[in-house]
Amino acid sequence: CKGPISIGAELLDDLVLVKSDGYPTYNFGVVVDDAGMQVTHVVRGEDHISNTPKQILIYRALGLEPPRFGHIPMILGPDRSKLSKRHGATNVVDYEAQGFLPEAFFNFLTLLGWSPDTNQELFTKEELVRAFDLGQVVSHAAIFDIEKLKWMNLQYIKQLPAEELFRRCAPFLKALPGYPGGVDRPALVELAGLFRER
């Protein structure tokens with residue numbers, strides 16, 4: 001994280017809380033939402049540093065205790081520019097539709113900008129939760145490396161029992177044009193096990 005940051009009041013502009021169409025602005029809406037959910041810690045990208053002083057003022061104006069804020073470096077594309085759709089950036093559901101396992105994606109994202117005290121790269125979610133320390137987040141931007149994500153995904157796929165791999169592949173099979181359905185399930189489970197390394 002960035003450590004303590006202070007900004008002089010003279011650098012802040014007038015706060016708009018509600019737009020002309022009646023909808024709340026981001027800064028007002030996020031404060032009300034987080035306060036309603038009793039959020040105690042907010043960790044987000046460093047591109048939101050400029051929003052934080054405004055939100056703290058809104059918390060105080062509402063008589064609420066602001067949460068603790070932390071800002072971490074951005075995730076960049078391979079060309080070191082802001083990650084965007086031209087780099088293949090998309091939402092998590094799209095990665096799942098491409099066959100990336102949720103546990104591999106969670107592991108990959110956690111290791112972007114953070115590293116444990118060991119050289120271990122593959123973790124269960126429980127291990128990551130236990131090992132993660134916000135103080136170990138690096139101060140420089142992380143690079144989203146799709147090849148590393150593919151490698152990590154393969155490692156998780158290799159660890160799945162054939163039956164579980166088939167269960168996860170079944171939605172993809174059913175979406176294939178000409179999929180015959182009614183194919184012998186034990187044969188497909190065996191096939192999933194044979195192709196696990198690919």
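## A tour from the β-α-β unit to the nonpolar core

Begin by selecting strand 1, helix 2 (residues 52-61) and strand 2, which in this predicted model together make a right-handed β-α-β unit. Hide the helix for a moment and keep strand 1 (residues 41-45) and strand 2 (residues 68-72), which run parallel and are joined by five bridges. Within this pair, Gly-45 can be picked out opposite Ile-72 in strand 2.

Next, select helix 6 (residues 146-159), and display Asp-145 and Glu-147 at its start, where a side-chain oxygen of Asp-145 comes to within 3.0 Å of the backbone nitrogen of Glu-147. If you place a distance between the end C-alpha atoms of helix 6, you should find 20 Å, which agrees with the expected span because 14 residues at 1.5 Å a residue should also give 20 Å.

Which residues of helix 6 are buried? They are Leu-149, Met-152, Asn-153, Gln-155, Tyr-156 and Ile-157, and the elements that cover them include helix 3 (92-97), helix 4 (102-111) and helix 7 (162-175).

Now turn to Leu-101, which, when residues up to four places away in sequence are not counted, touches Asn-153, Tyr-156, Ile-157, Leu-160 and Arg-168.

Leu-101 also leads to the last stop, the largest nonpolar core, which has 21 residues; Tyr-95, Leu-101, Phe-108, Phe-144, Leu-149 and Phe-166 are the ones that touch the most other members. To see which helices contribute to this core, colour helix 4, helix 6, helix 7 and helix 8 (185-194), each of which supplies at least two of its residues.

Key. Residues numbered from 1 in each chain as written. Predicted model: local features only at pLDDT ≥ 70, side-chain atom pairs only at ≥ 80, totals over all residues. Heavy atoms only, no water. Helix = DSSP H or I, 4+ residues; strand = E, 2+ residues; numbered from the N terminus. Expected span 1.5 Å × (residues − 1). Buried < 20%, exposed > 50% of the residue type's maximum accessible area, 1.4 Å probe, protein only. Contact = heavy atoms within 4.5 Å. Polar contact = N/O pair within 3.5 Å; in protein donor to acceptor, adjacent residues only side chain to side chain. Pairing = 2+ DSSP bridges. Right-handed = clockwise from strand over helix to strand, strands pointing away. Core = buried A, V, L, I, M, F, W, Y, C linked by side-chain atoms within 4.5 Å.
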